[in-house]
Amino acid sequence: MVHRDAPNFARTDLAGQEINLKHYRGKVVLLNFWATWCAPCRLELPEFEQWQKKYGADGLQVLAVSMDDGDAPVRRTVRRLHLEFPVVMGDARLGEAYGGVLGLPVTLLIDRDGKVTAMIKGEADLGALESQVKHLLDR
Amino acid sequence: MKRCTAIMFIGVLTGALAANAQFAGRASNPLSATTVPQSRQIQPAELAQMMKAPGSQRPVVFQVGSFVMFQQAHIPGSVYAGPGSQDAGLGLLEKKVASTPRGKLIVIYCGCCPWNKCPNIGPAYEKLRNLGFTNVKALYIAMNFGDDWLAKGYPTEKGR
């Protein structure tokens, strides 16, 4: 997956907006696969929300894909965590497109040209990840 | 004024603690997979070997985690019966296991996340024990199903 073009997808997010990954070319995308029952995921998401606010003007776009089986708990969690970046519902097809999402969380960094530069399986080292985000934004 | 301030502070603090507990309850209330005794855990290599036995001698295997992950890849012959972290999932497990003899070896697995963070295995294990099943084991998956089963070359199948 790393060094390859990020597989495109188009989904409607929880707010009813169409989210098409290719529309974010020119931005640095942090794509996070998560689920409401995943404790490490719930710790990371508020950090990503902070990064969206901090680096959004520089071109960062956080996109989150929930791998929950239904959207009701996802909506509740998004509200509780005050997440404002787009959250879409994932499924097996999307997971398979990204090489199989068989553990959570999974976080990918996609550069401005749409290439995957990093894929972190499991809980991320947030300090190191933030450094990678800043590095991509500086390019 | 000082009493009002103190009352307000206590109120705010209580509210904050309650909100945190309500949210933290989803992670801290569910039984951790670490509550499953080591003697009731089974390693991937051992289960993979057991699954080669003739049908009636194989354990009954349930995936008690994420259905989306089950669809991507699961142990051949395993049945989805989760998620263990939710009442609906435990209800599904109870339904799926209803016709299984109480002494039959049942293996549950998840692999959503590292063992010590899995919210599904512990409640599912407790559920089965409370239903009277005497021979329940949990597949020990250290990190996740992808790394600890699929990547190790053990068999999987896709779909429902």
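Here are some short exercises with worked solutions on a predicted model with chains A and B.

**Exercise 1. Lay out the sheet of chain A.**
Work out in which order the strands of the open sheet of chain A stand, and which strands lie at its edges.

*Solution.*
Step 1: Start with the order. The open sheet has 5 strands, arranged S5-S4-S3-S6-S7, and its pairing is mixed.
Step 2: Go to the edges. S5 (87-89) and S7 of chain A each have a single partner strand, so one side of each is left without a neighbour in the sheet.
Step 3: Add the twist. Ignoring direction, neighbouring strands here are turned by 20° against each other on average.
Step 4: Look at a parallel pair. S4(A), residues 60-66, runs parallel to S5(A), and 3 bridges join the two. Within this pair, A:Ala64 has A:Val87 of S5(A) as its bridge partner.

**Exercise 2. Take a walk around strand S6.**
Find the strands that pair with S6(A), and state in which sense they do so.

*Solution.*
Step 1: On one pairing, S3(A), residues 28-34, meets S6(A) in the antiparallel sense over 5 bridges. The bridge partner of A:Leu30 in S6(A) is A:Leu109.
Step 2: S7(A), residues 116-121, also pairs with S6(A) in the antiparallel sense, over 5 bridges. Here A:Leu109 stands opposite A:Ala118.
Step 3: Follow the chain through the turn. S6(A) and S7(A) make a hairpin with 5 residues between them, and A:Gly114 in that turn has a positive phi of about 85°.

**Exercise 3. Explain the surroundings of S6.**
Are the residues of S6(A) buried or exposed, and which way do they point?

*Solution.*
Step 1: Recall the general pattern: in a regular strand, side chains alternate between the two faces of the sheet.
Step 2: Apply it. A:Val106, A:Leu108 and A:Ile110 point one way from S6(A), while A:Thr107 and A:Leu109 point the other way.
Step 3: Check burial, for which a residue needs 20 or more other C-beta atoms within 10 Å of its own. All of these residues pass as buried.
Step 4: Conclude. Because 5 of the 5 residues of S6(A) (106-110) are buried, the strand is largely enclosed by the rest of the structure.

**Exercise 4. Describe a helix pair.**
Determine how H1(A) and H4(A) pack against each other.

*Solution.*
Step 1: Take the geometry. H1(A) and H4(A), the latter spanning residues 126-138, pack at an angle of about 25° with their axes 12 Å apart.
Step 2: Classify the angle. Angles under 35 degrees count as roughly parallel, and H1(A) and H4(A) are therefore roughly parallel to each other.
Step 3: Give the handedness: H1(A) passes H4(A) in a right-handed crossing.
Step 4: Name the residues. H1(A) brings A:Glu47, A:Trp51 and A:Tyr55 to the contact, and H4(A) brings A:Leu126, A:Glu130, A:Val133 and A:Leu137. They divide into 5 nonpolar, no polar and 2 charged residues.

**Exercise 5. Cross over to chain B.**
How many residues does each chain give to the contact between A and B, and how is chain B built?

*Solution.*
Step 1: Chain A gives 19 residues and chain B gives 23.
Step 2: On the side of chain A, the elements giving two or more residues are H1 (39-55) and H3 (92-97). The largest share, 3 residues, comes from H3(A).
Step 3: By type, that side of chain A has 10 nonpolar, 5 polar and 4 charged residues.
Step 4: Chain B itself holds 6 helices and 5 strands, which run α-β-α-β-α-β-α-β-α-β-α from the N terminus on.
Step 5: Of the 160 residues in chain B, 39% are buried.

Notes: Residues are numbered from 1 along each chain as its sequence is written. Chains are lettered from A and ligands numbered from 1 in the order in which they are written. This is a predicted model: local features need pLDDT of at least 70, side-chain atom pairs count only at pLDDT 80 or more; totals for chains, interfaces and linings use all residues. A residue is buried if 20 or more other C-beta atoms lie within 10 Å of its own, exposed if 12 or fewer, and partly exposed in between; C-beta atoms are placed from the backbone. Helices (H or I, at least four residues) and strands (E, at least two) are DSSP runs, numbered from the N terminus. Two strands pair if DSSP finds at least two bridges between them. Two residues are in contact if their C-beta atoms, placed from the backbone, lie within 7 Å. Ala, Val, Leu, Ile, Met, Phe, Trp, Tyr, Cys and Pro count as nonpolar, Asp, Glu, Lys and Arg as charged, and the others, Gly among them, as polar. Axes are lines fitted to C-alpha atoms, for helices over the stretch in contact, and angles run from 0 to 180 degrees between N-to-C directions. Angles under 35 degrees count as roughly parallel, over 145 as roughly antiparallel, 65 to 115 as roughly perpendicular and the rest as oblique. A crossing is left-handed if the near helix is turned anticlockwise from the far one by less than a right angle, and right-handed if clockwise.
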